[in-house]
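Dear colleague,

I am passing on the structure we spoke about, together with some notes on what turned up in it. Please look through it with the notes beside you.

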Amino acid sequence: MEKTEEHAPLYTARSSSDNSESNYDNVEMIALGQRGRRSASRWQRLRPWAIHLGLPLLYTGLFLVAIYTRGPIGTFGLVDSPASYIGEKTHLEVFPLEGPPKGKYTGEPREELDEAWRELLRYNNIRISDDWIKKYGREDTAVKLPDGGYLGMLSAFHEVHCIKRLYQTLHKEHYFPNATAKEIEINLDHDLHCLEVLRMSAMCRGDVSIINHRWKEGSPYPNVDQRAPHQCVDWDAVMDYSASMAVDVYQEHYIVNPHTGVEPFPHGKSIKPFNSQDHDNHNHHEGGSS
């Protein structure tokens with residue numbers, strides 16, 4: 001009799017008593033694989049459209065997030081000042097610096113020049129709110145005004161005051177003819193303070209306007225060409241704000257040092273070097289400049 005070789009069946013039908021789930025799993029995985037291939041094929045067809053429509057939506061969302069989460073804008077967007085709005089509108093301006101300096105703020109001392117400086121610093125003393133002082137915890141040291149608020153100024157006026165002081169020192173024979181050695185020493189300290197104020201202010205702003213050099217006839221050295229446009233705020237707006245908040249600290253019996261009981265500006269005269277000179281009394285209207 002011919003011998004028949006026995007082979008194991010490729011697939012054995014599952015009996016109801018078979019507890020193994022492996023075959024069901026295989027069938028299920030095959031079905032899932034087929035569905036996955038169909039899904040992948042559908043995604044491949046839809047992907048270009050999803051990218052085409054999704055990217056604009058993504059960029060729009062990022063733009064809106066940037067708009068609504070960005071910080072304050074403007075030249076003074078980070079400054080906590082009620083006048084910071086002034087920095088939102090700027091313009092380009094070329095400084096008139098060709099040749100020897102000209103204008104009402106420079107040149108030899110004269111009444112017109114002194115009046116121009118007085119007018120420029122006319123509103124440097126302003127009233128600042130109680131809330132601002134309290135926010136920074138300065139109630140114990142700030143100068144309280146008897147009719148509300150505290151004494152302050154915009155920093156721009158501190159810088160202008162310093163420039164005026166340095167101008168006067170350059171013409172000390174005119175402005176301080178009778179100064180004592182002690183007063184000259186005090187004035188020098190004040191001038192050095194002012195130079196530091198102006199240095200720090202220049203480095204703070206970091207004006208990036210380009211100034212080129214040129215060959216000037218008659219000079220063997222390169223000279224600076226001053227015709228650079230600078231980004232400037234509206235100075236009239238600065239003056240208007242200060243005028244709206246101005247306070248006259250020279251009113252008789254207006255402010256009194258609470259620690260000493262002394263009035264710092266009796267009869268409109270501030271405590272400053274050289275205040276014995278009558279012609280310098282006009283400049284005392286700068287008030288609390290230091």
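Helices here are DSSP runs of H or I with at least four residues, numbered from the N terminus, and histidine 253 is found in the segment after α7. Please bear in mind throughout that this is a predicted model.

Histidine 253 deserves a look for its backbone, since its phi is near 60 degrees, a positive value in a residue other than glycine. Most residues other than glycine have a negative phi. The relative accessible area of histidine 253 is 54%, and because the cut-off for exposed is over 50%, this residue counts as exposed.

Turning to the cysteines, the count comes to one disulfide, which joins cysteine 162 to cysteine 194 with an S to S distance of 2.4 Å. The link of cysteine 162 and cysteine 194 is left-handed, with -70 degrees about the S-S bond. This pair links distant parts of the chain, for cysteine 162 sits in helix α4 (residues 155–170) and cysteine 194 in helix α6 (residues 181–205), 32 residues apart. Cysteine 162 is buried at a relative accessible area of 0%, and cysteine 194 is likewise buried, with a value of 0%. As for two further cysteines, cysteine 204 counts as exposed at 67% relative accessibility, whereas cysteine 232 is buried, with a relative accessible area of 14%; the value for cysteine 232 falls in the buried class because that class covers everything under 20%.

Which residues have the most contacts inside the largest nonpolar core? They are Ile86, Leu154, Phe157 and Tyr241, in a core that has 18 residues. Helices α2 (111–120), α4 and α7 (235–244) each supply at least two residues of this core, and α7 gives the most to it, with four residues. If residues up to four places away in sequence are not counted, isoleucine 86 touches Val233, Asp234, Ala237, Val238 and Tyr241. Apart from the largest core lies another core, of eight residues, and Leu151, Val249, Tyr250 and Tyr254 are among them.

When you open the model, I would suggest beginning with the disulfide of cysteine 162 and cysteine 194, going on to the contacts of isoleucine 86, and ending at histidine 253 with its positive phi.

With best regards

Terms used: Residues numbered from 1 in each chain as written. Predicted model: local features only at pLDDT ≥ 70, side-chain atom pairs only at ≥ 80, totals over all residues. Heavy atoms only, no water. Disulfide = S-S within 2.5 Å. Buried < 20%, exposed > 50% of the residue type's maximum accessible area, 1.4 Å probe, protein only. Core = buried A, V, L, I, M, F, W, Y, C linked by side-chain atoms within 4.5 Å. Contact = heavy atoms within 4.5 Å.
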